[in-house]
Amino acid sequence: MTVTVRYTCPHCDAVTSVERAPDLADRSVTMAAQPGWEYAEPDDDDLESADGIAFICGEDGPVTDLEGEPIESCGRPFYLNFVRYERGVELEPDPPTYGGPRFDFDA
């Protein structure tokens, strides 16, 4: 089973969508990749084995504003970071991420 999840570009506030498993735990959306983390492309079949998803605003599908109206994208990269564990302990990103993830699930 997959769900459509929407993420907001932290550069321009454009919203992009991705189909993914509902049980992946999101930590944050950042402008920079976390050092040493492995990122999948939004259309990869095995998102579960990655540390997150690397997006290019507007290149990974159409973008909208928060109300769903089509808008221009900025074309800049941004990154969804999943929660990571090592030996059952949640790892903190380095550098730390601030604030919560900017995403929502389509009902």
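The chain comprises nine strands and zero helices. Read from the N terminus, its elements follow the order β-β-β-β-β-β-β-β-β. The model is a predicted one, and the values reported here are computed from it.

Of the 107 residues in the chain, 39% count as buried. The chain exposes about 6,300 Å², of which 48% is supplied by carbon and sulfur atoms. With respect to sequence separation, 59% of the contacts between residues at least 6 apart in sequence join residues at least 24 apart.

Aromatic side chains were examined next. A pair of aromatic rings is described by the distance of the centres and the angle of the planes. Three aromatic pairs are found in the structure. One of them is formed by Tyr7 and Phe55, with a centre-to-centre distance of 5.7 Å and an angle of 40° between the planes. This pair is classed as tilted, because its angle falls neither under 30 degrees, as for stacked rings, nor over 60, as for edge-to-face rings.

Tyr7 belongs to strand β1 (residues 3-8), whereas Phe55 belongs to strand β5 (residues 52-56); the pair therefore ties together parts that are 48 residues apart in sequence. Tyr7 and Phe55 are both buried. Each has a relative accessible area under 20%, since this is the cut-off that the term buried denotes. Beyond the pair itself, Tyr7 and Phe55 join with Phe78 in one aromatic cluster.

Note on methods. Residues numbered from 1 in each chain as written. Predicted model: local features only at pLDDT ≥ 70, side-chain atom pairs only at ≥ 80, totals over all residues. Heavy atoms only, no water. Phe/Tyr/Trp six-rings, centres within 6.5 Å; stacked < 30°, edge-to-face > 60°. Helix = DSSP H or I, 4+ residues; strand = E, 2+ residues; numbered from the N terminus. Buried < 20%, exposed > 50% of the residue type's maximum accessible area, 1.4 Å probe, protein only. Contact = heavy atoms within 4.5 Å. Areas by Shrake-Rupley, 256 points an atom, 1.4 Å probe, with all protein chains shown as cover.
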